[in-house]
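Please work through the exercises below with the sequence and the coordinates open beside you. Each task is followed by a solution that goes step by step.

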Amino acid sequence: MHLKMIVAFLAVMLVVASAGLVGGPVDADMNDEGAQNALQFAMAQYNRQSNDAFVHQVSEVVKVQKQVVSGLKYIFTVKVARTSCRKTGVETLCAVHEHPAVADVTQCKIAVWSQPWLNSIKVVENTCI
């Protein structure tokens, strides 16, 4: 009987350990609507705060994670690049500038905290700025 309890305990510990830290960040899918909205919000904030005359956009999503923290915290590792569209123009989809030196691709970590029931969303970390 004692051996069965030890085996059951070890099985539970293995499951918990393989699931990752409870409450810690877990990998997420960029196709998730919440993740897409959070990244779009973060990039709009980035472009408003940037002193660059040109719009920047995500050229590559390297990693996406989410964490439950009194809402959802989305943590993105992305590559951001300058486009050929000026900020003063009408917002349309813009291609990343074709010249690498002008595109100035930068890898950034961006974290967005969303609390939909409070209608609250904010960028809590952005290593690009």
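The exercises that follow concern a predicted model, and they go from the chain as a whole to single residues.

**Exercise 1. Describe the order of the elements in the protein chain and state how much of the chain is buried.**

Begin by counting the elements: the protein chain has three helices and five strands. Read from the N terminus on, these elements follow the order α-β-α-β-β-α-β-β. Turning to burial, 26% of the 129 residues in the protein chain are buried. As a last step, consider the contacts between residues at least 6 apart in sequence, of which 58% join residues at least 24 apart.

**Exercise 2. Find out how confident the prediction is over the protein chain, and which stretch falls below a pLDDT of 50.**

The average pLDDT of the protein chain is 84, and 81% of the residues score at least 70. Over residues 5-19, however, the pLDDT is below 50, and this stretch has zero contacts in the model beyond near neighbours in sequence.

**Exercise 3. Classify the geometry of the aromatic pair in the structure.**

The structure holds one aromatic pair. Its rings belong to tyrosine 74 and phenylalanine 76, whose centres are 6.3 Å apart and whose planes meet at 15°. Planes under 30 degrees apart count as stacked, and the pair is therefore assigned to the stacked class. For the surroundings, note that tyrosine 74 and phenylalanine 76 are both buried.

**Exercise 4. Locate the residues with a positive phi that are not glycine, taking serine 70 and aspartate 104 in turn.**

As background, most residues other than glycine have a negative phi. Serine 70 nevertheless has a positive phi of about 50°, and its place is in the loop between β2 (54-68) and β3 (72-86). Leaving out residues up to four places away in sequence, serine 70 touches Trp113, Gln115 and Trp117. With glutamine 115 the separation in sequence is 45 residues, while the C-alpha atoms of serine 70 and glutamine 115 are 7.2 Å apart in space.

Aspartate 104 also has a positive phi of about 50°, and this residue lies in the loop between α3 (100-103) and β4 (106-115). The relative accessible area of aspartate 104 is 41%, so the residue is classed as partly exposed.

**Exercise 5. Is serine 50 buried or exposed, and which residues does it contact?**

First place the residue: serine 50 is found in the loop between α2 and β2. The cut-off for a buried residue is under 20% relative accessible area, and because serine 50 has 18% relative accessibility, it counts as buried. Once neighbours within four places in sequence are set aside, serine 50 is in contact with His56 and Lys87.

**Exercise 6. Characterise the second largest pocket by its volume and its lining.**

The second largest pocket holds about 160 Å³ of space. Its lining includes Gly34, Asn37, Ala38 and Phe41, together with Tyr74, Gln115 and Ile121, among others. Assigning the lining to elements, one finds that α2 (33-49), β4 and β5 (120-126) each supply at least two residues, with the largest share, four residues, coming from α2. Sorting the lining by class gives five nonpolar, six polar and no charged residues. Two residues from earlier exercises thus return here, since Tyr74 and Gln115 are among those that line the second largest pocket; Tyr74 is also a member of the stacked pair, and Gln115 is one of the residues touched by serine 70.

Definitions and conventions:
Residues numbered from 1 in each chain as written. Predicted model: local features only at pLDDT ≥ 70, side-chain atom pairs only at ≥ 80, totals over all residues. Heavy atoms only, no water. Phe/Tyr/Trp six-rings, centres within 6.5 Å; stacked < 30°, edge-to-face > 60°. Buried < 20%, exposed > 50% of the residue type's maximum accessible area, 1.4 Å probe, protein only. pLDDT = per-residue confidence, 0-100. Contact = heavy atoms within 4.5 Å. 1 Å grid on protein atoms, 1.4 Å probe; cavity = no way out; pocket = protein on both sides within 12 Å on 5 of 7 lines; lining within 4 Å. Points joined across faces, edges and corners; volume = space filled by probe spheres on them. Nonpolar A, V, L, I, M, F, W, Y, C, P; charged D, E, K, R; others polar.
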